[in-house]
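Please open the model in your viewer and keep the selection panel at hand. The stops below proceed from one selection to the next.

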Amino acid sequence: MDTALIGAAAPPSLHVMSFNMRRRLPISIRSVDRWDRRRRAVEALIRTEKPTVLGVQEAMPEQADVVAAVLGADHQRIGRGRDRDGRGEGCPLFWDARRLDLLSGEQVALSPTPHEPGSRGWGNPVPRVAVVARFRDRSTSDEFVVVNTHLDVFSRRSRLHAARLLRAVLTTTPGAGIILGDMNARPGSATARELWRDGLRDAWTSADRRLTPEWATFADYREPRRGARIDWIGVTDDVHVDAIGIGTFRTADGWPSDHLPVHALVRVTR
């Protein structure tokens, strides 16, 4: 399928997209996993969907540069690699600067010392990060916060602590909030229960319309199948979710990633 699930959004709607693009590996045994093959599919996906806000996970610096090049000069980004020196995979956040003004932004480590780059904690064996950005919508003057993150795949304890930290960021900051990310946890998990409370909710269950079945978002380069969403979009109570779906975009080159992207059409109602 090479058509847009949502595509460009007109004000006051925002098209927000979460996409684990799968990091480029030095050697990929499977041809479907090779970045030189997937790159064209990633470019086509982003060019087709035209999200207002795009949160990417597992992006190596050169992959983030590819995303930026496809989006073009009208878009900006924030976020760097998760390592202490800013290298390594990251969770960059991209936005349409014709529509949104960045008011503030930072990258934090998911650790007991969030402002120490490269720090780890709570059992995660590698650094994990979140990018936090506050925007003003030029069309509506609404202000809202977006968080983009990738929780740890190994440590349940790390995911719980990170979910608690990020929920606090979204629910204690004035204005509406949206969270995007690969949470490495299923709906109904302890991580989900920790995240979806105190005014933060799962966009999938609260959407007016679901544009697709509830596909397993870790598809591993296979045909979509029903299963667990481990890639989520969440919103605060003052964000209305008009529609949501899990994309199955592919081209003749194959699947863009081993994960399926999640798209939502939302409106700030505050």
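Begin by selecting helix H2, residues 61–71, in which Gln63, Ala64, Val66, Val67 and Leu71 are buried. Buried here denotes under 20% relative accessible area, against over 50% for exposed and partly exposed in between, with a 1.4 Å probe and protein chains only. Helices (H or I, at least four residues) and strands (E, at least two) are DSSP runs numbered from the N terminus. The model is a predicted one: local features need pLDDT of at least 70, side-chain atom pairs count only at pLDDT 80 or more, and totals for chains, interfaces and linings use all residues. Numbering starts from 1 along each chain as its sequence is written, and side-chain values use heavy atoms, with hydrogens and water left out.

Look down the axis of H2: its buried residues fall within an arc of 155°, so they line one face of the helix. That arc is taken over the directions from the helix axis to the C-beta atoms. Add helix H1 (35–49) and strands S2 (53–57), S3 (75–78) and S4 (93–96) to the selection, since the buried residues of H2 pack against these elements; contact means heavy atoms within 4.5 Å. Just after H2, Gly72 has a positive phi of about 90°.

Now keep H1 and H2 alone. Two packed helices are described by the angle between their axes and the distance between the axes. For H1 and H2 the angle is about 35° and the axes are 9 Å apart. The axes are lines fitted to C-alpha atoms over the stretch in contact, and angles run from 0 to 180 degrees between N-to-C directions. On the H1 side the contact is made by Trp35, Arg38, Arg39, Glu43, Ile46 and Arg47, and on the H2 side by Gln63, Val66, Val67, Val70 and Leu71.

Which residues touch the most other members of the largest nonpolar core? Select Val16, Leu93, Phe144 and Ile178, which do so among its 34 residues. A nonpolar core is a set of buried Ala, Val, Leu, Ile, Met, Phe, Trp, Tyr and Cys residues joined through side-chain atoms within 4.5 Å. Apart from this core lies another, of 20 residues, including Val108, Val147, Ala163 and Leu200.

Turn next to the aromatic rings, where the count comes to three pairs. Rings of Phe, Tyr and Trp (its six-membered ring) pair if their centres lie within 6.5 Å; planes under 30 degrees apart count as stacked, over 60 as edge-to-face and the rest as tilted. Phe135 and Phe144 have ring centres 5.8 Å apart and planes at 40°, so this pair is tilted. Phe135 is buried at 0% relative accessibility, and Phe144 at 1%. Trp196 and Trp232 form another tilted pair, 5.5 Å centre to centre with 40° between the planes. Trp196 sits in the loop between helix H4 (190–195) and strand S9 (200–202), while Trp232 is in strand S11 (residues 231–236), 36 residues apart.

Finish with the backbone. Most residues other than glycine have a negative phi, and most peptide bonds are trans. The peptide bond from Pro11 to Pro12 is cis, with omega near 5°, and Pro12 lies in the segment before strand S1 (14–20). Arg22, in the loop between S1 and H1, has a positive phi near 65°. Tyr221, in the loop between strand S10 (209–210) and S11, also has a positive phi, of about 65°, and is buried at 9% relative accessible area.
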